[in-house]
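Dear colleague,

I am writing to hand over the structure that follows. Please keep it open beside this message while you read the notes below.

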Amino acid sequence: MLLVLLLAACWGRGMLAGSPPGPAVHSLRGSWWLGSGNGSVVLRGDVPGCVHTALLRQGLIQDPYYRFNDLTYRWISLDNWTYSRTFKTPFDVRKWQKVNLVFEGVDTVAQILINNVTVGRTDNMFNRYSFDITSVIKEVNFIEVRFLSAISYAAKQSRSHRAYSVPPQCPPPVQKGECHVNFIRKEQCSFSWDWGPSFPSQGIWKDVRIEAYNFCHLIYFTLTPSYVKSAQQWSLEIESVFDVVSSKPVVGLVTVNIPKLQTQQTYTTELPPGEARIVLLVNISKSTTVQTWWPSGHGNQTGYDMTTTFNMGAGYKIEKFSKAYFRTVELVEEPIPGSPGLSFYFRINGLPIFIKGSNWIPADSFQDRVSSDMLKLILQSTVDANMNALRVWGGGVYEQDEFYDICNELGIMIWQDFMFACALYPTDQNYLESVRAEVTHQVKRLKSHPCITLWSGNNENEAAIAGDWFSIPQDKMKVYILDYVKLYVKNIQEIVIAEDKSRPYITSSPTNGKESVKERWLSQNPYDTHYGDTHFYDYLSDCWNWTVYPKTRFASEYGFQSWPSFSTLEKVSSTEDWSYTSNFSLHRQHHAAGNNQMLHQAGLHFKLPQNTDPLKLFKDTIYLTQVMQAQCIKAETEFYRRSQSEIINGEGHTMGSLYWQLNDIWQAPSWASLEYGGKWKMLHYFAQHFFAPLLPVGYEDDGVLYIYGVSDLHSDCELTLQATISQQGDLYAFVLQTTAVTPFVWLDVGNIQGRFNDNGFLMTEKRKVVVFYPWEPVSIEELEKSLSLTSLMDIY
């Protein structure tokens, strides 16, 4: 499959005399003016960017994440901001048949003006907008993007929906958020969530540019692999979507060349005026073996260099270089011997794969702060912990292209939600049209990535209706069921099937899959362990007791909270905040009773810290919450992994475990295994072990100790245990010594960026060597100064 390729290309039957080569592209990235609604605040702001980060960079506000600033700076999101700038057109506009203003991402509701003429409006953060400005563009131009507060817009949309209410109205008070987020096509968690703050930003969050062209313009270029079993042959489907401005059909030749696969084919194409779509099928030569793309731990992520050449007469030629990947994916739902219900697992290239991973949330409240380096760091940490998959959760954003590029390279399978979560949604005509444009664009943008394994319509919305989360009277329920089917089946599913036949689609998570379809898309119990996937949370039962966990077909969400390290919290707090019961600690916890639930779970197996030094007490409590979280997720994940090959009382055949959650959006207690900025919690070190390709799992049942051997390898093997660790290159070795058995040994080097090869371990030997992998240059002296060593024995 090819990486997504959005080609800014213009080609035609031949060049008109005196016409310029095409297309002409002029970026409007860079510095813009930014002003508040009444003009009292005017400053410079970067594009891509948003209002909050612009104010921060100009020193007009503190770090929005500092202490209680999410409440202090609520005024920013309530105001209506305007971005503006003057730009000179670097080409003669009279020589082009069409000139477009293209926004890859606008957050969210805005009126677009050029030279005081309104050229378009936006209302969807996830859509791509292209406005025809041929008649208004000049040599020197003034552009304005007038934003409307997302909070105000969402409230207005809710008020105008008079026929019936669409719950929920507002988030729980503990989240300190904003209302009616389900009425705006914007990052749903930007209005708050139970692990994140409320920062409903405004801004131009992706690229913006001017495009001028004659004849035609290539808007989307995607490739989809398929394998024909009867012919034992791979093929690539090439889809190209054009805007043809020529009054006559445009004719030319397209040549596709994949040298290492001994494949070269040429096609004649003809594009009619208007929006034109052509689909070409490239059959891969049978004379060579195609190396497939595999998930991490199962094979290589092989890709093939590919050249696509457009020859359109009069010597006009375009060459595009890309990489082709080949893989198949199947979601297998079929009867299981000895069990009612159906299986729910993935076959990649014909091989059943146990899914090991976590759930991805936005890496920052402000997307312009999510750098390439940050993405690489977090995603590398994913495979370093032996994961092979992530679920991009439906309350955030469709991630940037680079996120999926890195996942392609690392072999991380992506369960891709559409951006609907924990709510019911309106289905009026304007809303549906916006959603249809969003889904069409995102599927075209992303479907060429081999990493994407599944499309999922929403997060927990089938369960919300089935479980009546919003206390809807039964005589009123029918309208909400009809809306659900209209949105996720009649619209989103139909678009996905039309645009991408290469991977499966499910309407929700959790869902009963085919059984939900059979029950007219809404199962009475979407958590049925005999079908589909499940989400499971239990903060009161003993998490070490494996019998409380559902023996499900696929565990796509489960988790326990912990606090991030003190060094991470220290950056956004002050001295008076450093207590487990401080106003800051209560404010930062967005999950009702979350802080008490952590202490309850820890207290089931450990003595709670009692130190008389308040700061030491706070640090000890943080440490113990991380011990508790790591041990809880270990017990639950090992239960799921050992359940993959067995059926007991009709339940089992578990083929996936995605714990909630991988990463943090800010510095706060949450279910994450990676702190904001990428630092590993104890849970992430544990994940290295409980997701290992070869795993011994011991558990007790009715007085009998059982030991399971769990393997993800493709062949049988015999194992013996002994281990040695040595220093390599620029890495650092820590030699630990003890005179007694030491549980949950935790090494911390504060703000020094990096990770250990192991942490949070039980030390039974007298001497152990632990290796530190720095993410930035560091000296031994700095490490020695920053190192702290904690074990369970130190907090008693």
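Which residues gather in a patch of negative charge on the surface? They are E776, E781, E782 and E784. Before going further, please note that this is a predicted model. One member of the patch, E782, is found in helix α16, which spans residues 780–786. E782 has a relative accessible area of 42% and is partly exposed, because that class lies between the limits of 20% for buried and 50% for exposed.

Salt bridges

Side chains of opposite charge can pair when their charged atoms come close. How many salt bridges does the structure hold? The total is 34. Three individual pairs are described here, followed by a network.

In one pair, the side chains of D46 and R57 meet, with 3.8 Å from N to O. D46 belongs to strand β3 (residues 42–47) and R57 to helix α1 (residues 51–57), so this salt bridge ties together parts that are eleven residues apart in sequence. Both partners are partly exposed: D46 has a relative accessibility of 40%, and R57 has a relative accessible area of 47%.

Another salt bridge is formed by D384 and R755, whose closest N and O atoms are 3.4 Å apart. This pair links distant parts of the chain, since D384 is in helix α5 (residues 372–384) and R755 is in strand β37 (residues 754–756), 371 residues apart. Are the two partners buried or exposed? D384 counts as partly exposed at 23% relative accessibility, whereas R755 counts as buried at 10%.

The third pair joins D401 to R445, and here the closest N and O atoms are 2.5 Å apart. D401 lies in helix α6 (residues 401–410) and R445 in helix α7 (residues 429–446), so the salt bridge ties together parts that are 44 residues apart in sequence. D401 is partly exposed at 31% relative accessibility, while R445 is buried, with a relative accessible area of 3%.

Salt bridges also link R29, E104, R128, D207, R209 and E211 in a network.

Strands and their partners

Strand β5 covers residues 98–103, and six of its six residues are buried. Which residues lie on each of its faces? K98, N100 and V102 are on one side, and V99, L101 and F103 are on the other; all of them are buried, and both faces are thus covered.

β5 pairs with two strands described here. It runs antiparallel to strand β12 (residues 208–213), to which six bridges join it. Within that pairing, A212 in β12 is the bridge partner of V99. β5 also pairs in the antiparallel sense with strand β8 (residues 129–132), over four bridges. There, F103 stands opposite Y129.

Strand β24 (residues 389–392) is likewise covered on both faces. A389 and R391 on one side, and L390 and V392 on the other, are all buried. In which sense does β24 pair with strand β23? β24 and β23 (residues 355–360) pair in the parallel sense, over four bridges. L390 in β24 is the bridge partner of S358.

As you look through the model, you may wish to begin with the patch formed by E776, E781, E782 and E784, and then turn to the covered faces of β5 and β24.

With kind regards

Definitions and conventions. Residues are numbered from 1 along each chain as its sequence is written. This is a predicted model: local features need pLDDT of at least 70, side-chain atom pairs count only at pLDDT 80 or more; totals for chains, interfaces and linings use all residues. Side-chain values use heavy atoms; hydrogens and water are left out. Patches are made of residues with over 30% relative accessible area and no salt bridge: like charges are joined within 9 Å, nonpolar side chains (Val, Leu, Ile, Met, Phe, Trp, Tyr) within 5 Å. Accessible areas come from the Shrake-Rupley method with a 1.4 Å probe; for residues, only the protein chains shown count as cover. A salt bridge is a side-chain nitrogen of Lys or Arg within 4 Å of a carboxyl oxygen of Asp or Glu. Lys and Arg count as positive and Asp and Glu as negative; His and the chain ends are not counted. The place of a charge is taken as NZ of Lys, CZ of Arg, CG of Asp or CD of Glu. Buried means under 20% relative accessible area, exposed over 50%, partly exposed in between (1.4 Å probe, protein chains only). Two strands pair if DSSP finds at least two bridges between them.
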